[in-house]
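Grab your viewer and a pencil: here are some short exercises to work through. Try each task yourself before reading its solution.

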Amino acid sequence: MIAKNQQNHPNKVHLGVNIDHVATLRQARLTYEPNPLWAAVEAQIAGADGITMHLREDRRHINDNDVFAIKQACQIKLNLEMAPTLEMVKIAQKLQPQMAMLVPEGRQELTTEGGLNILADETFLKNLVGNLNDAGIHTSVFIEAEREQIQAAARIGAKTCEIHTGLYAKLFYENGRDVFHPLVQSEIKKISEAGKLINNLGMFFNAGHALNYHNVAPIANLPNINELHIGHSIVARSVFVGLRQAVSEMIALINNK
């Protein structure tokens, strides 16, 4: 069974812009600028399909006020990244984002370091996903490109699997940015096969983490990929060209325009 919008938009890859690091810059001085709300507006004007924010348990960058202000102001999809905790589920139920993505979270990590291990706590995660689904929120899980994790995602009721592309990005960089290097090709194949299984199980196939202007095209060109979530590289590019231009350039790359 193929997820419905794979057939409706066979040539369109959606872009969700992660604006966490706009908030990171604000928090570096514990001030009020730059305001992530304006970043979300600029991304929307540039043609982004969605805004992604990770409301971490320690509120190190994005905070509660940010997510509610952006939900009210923006007219595009809001994807709330969140740890699989009861506190975060309650916030999501109140916020009502279009999508909530469960991600693993560590206090000392600079960024998310790997996929969620659904197998380690499947019953608990099934209950969390059920609560989100009951609230009318599309549920996603951030996982590795592993058959067992994908099958577990389907069992707990997830609607989308976002495949962690961090290893792909690392191999791409370490091997001279050569997309044809055997290690890079092997990882692309692994992600592609994961995407096929995700679709066959009736879920949407998304991908993200460490994607940038140099390595995004091979992932964007995978069959039936629905959505990419990209943040750090877009925010970094925006320092030089502005956020609106940075988002536009990424959209052009992922859709081969």
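The exercises below go from the barrel to its helices and then to the core.

This is a predicted model, in which local features need pLDDT of at least 70, side-chain atom pairs count only at pLDDT 80 or more, and totals for chains, interfaces and linings use all residues. Residues are numbered from 1 along each chain as its sequence is written, and side-chain values use heavy atoms, with hydrogens and water left out.

**Exercise 1. Work out in what order the strands close into a barrel, and in which sense they pair.**

Step 1. Take strands as DSSP runs (E, at least two residues; helices are H or I, at least four), numbered from the N terminus. Two strands pair if DSSP finds at least two bridges between them.

Step 2. Follow the pairing round: eight strands close up in the order β1-β2-β3-β4-β5-β6-β7-β8, and the pairing is parallel. From one strand to the next, the twist averages 25° (axes are lines fitted to C-alpha atoms, and angles run from 0 to 180 degrees between N-to-C directions).

**Exercise 2. Describe the neighbours of strand β1 (residues 14-18) and say whether its residues are buried or exposed.**

Step 1. On one side, three bridges join β1 to β2 (residues 50-54). V17 stands opposite I51, and N18 has T52 as its bridge partner.

Step 2. Four bridges connect β1 with β8 (residues 227-230), again running parallel; here L15 sits opposite L228.

Step 3. Check the side chains. In a regular strand they alternate between the two faces of the sheet. In β1, H14, G16 and N18 point one way and L15 and V17 the other.

Step 4. Apply the burial scale: buried means under 20% relative accessible area, exposed over 50%, and partly exposed in between (1.4 Å probe, protein chains only). Five of the five residues of β1 are buried, so the strand is largely enclosed by the rest of the structure.

**Exercise 3. Test whether the length of helix α9 (residues 182-200) agrees with its expected span.**

Step 1. The expected span is 1.5 Å times one less than the number of residues.

Step 2. For the 19 residues of α9 this gives 27 Å, and the end C-alpha atoms are 27 Å apart, which agrees.

Step 3. Look just past the helix: G202 takes a positive phi of about 85°.

**Exercise 4. Find the aromatic pair and classify its geometry.**

Step 1. Rings of Phe, Tyr and Trp (its six-membered ring) pair if their centres lie within 6.5 Å; planes under 30 degrees apart count as stacked, over 60 as edge-to-face and the rest as tilted.

Step 2. The structure holds one such pair. Y168 and F172 are 6.0 Å apart centre to centre with 45° between the planes, hence tilted.

Step 3. Y168 and F172 are four residues apart in helix α8 (residues 166-174), so about one helical turn separates them. Both are buried.

**Exercise 5. Which residues touch the most other members of the largest nonpolar core?**

Step 1. A nonpolar core is a set of buried Ala, Val, Leu, Ile, Met, Phe, Trp, Tyr and Cys residues joined through side-chain atoms within 4.5 Å.

Step 2. Among its 75 residues, the answer is V141, L228, I234 and V247.

Step 3. Now list contacts (heavy atoms within 4.5 Å). Beyond four places in sequence, I234 touches L15, V17, Y213, L243, A246, V247 and M250.

Step 4. Do likewise for V216, found in helix α10 (residues 216-220). With the same exclusion of neighbours within four places, V216 is in contact with L228, I230, M250, L253 and I254. V216 is buried, with a relative accessible area of 1%.
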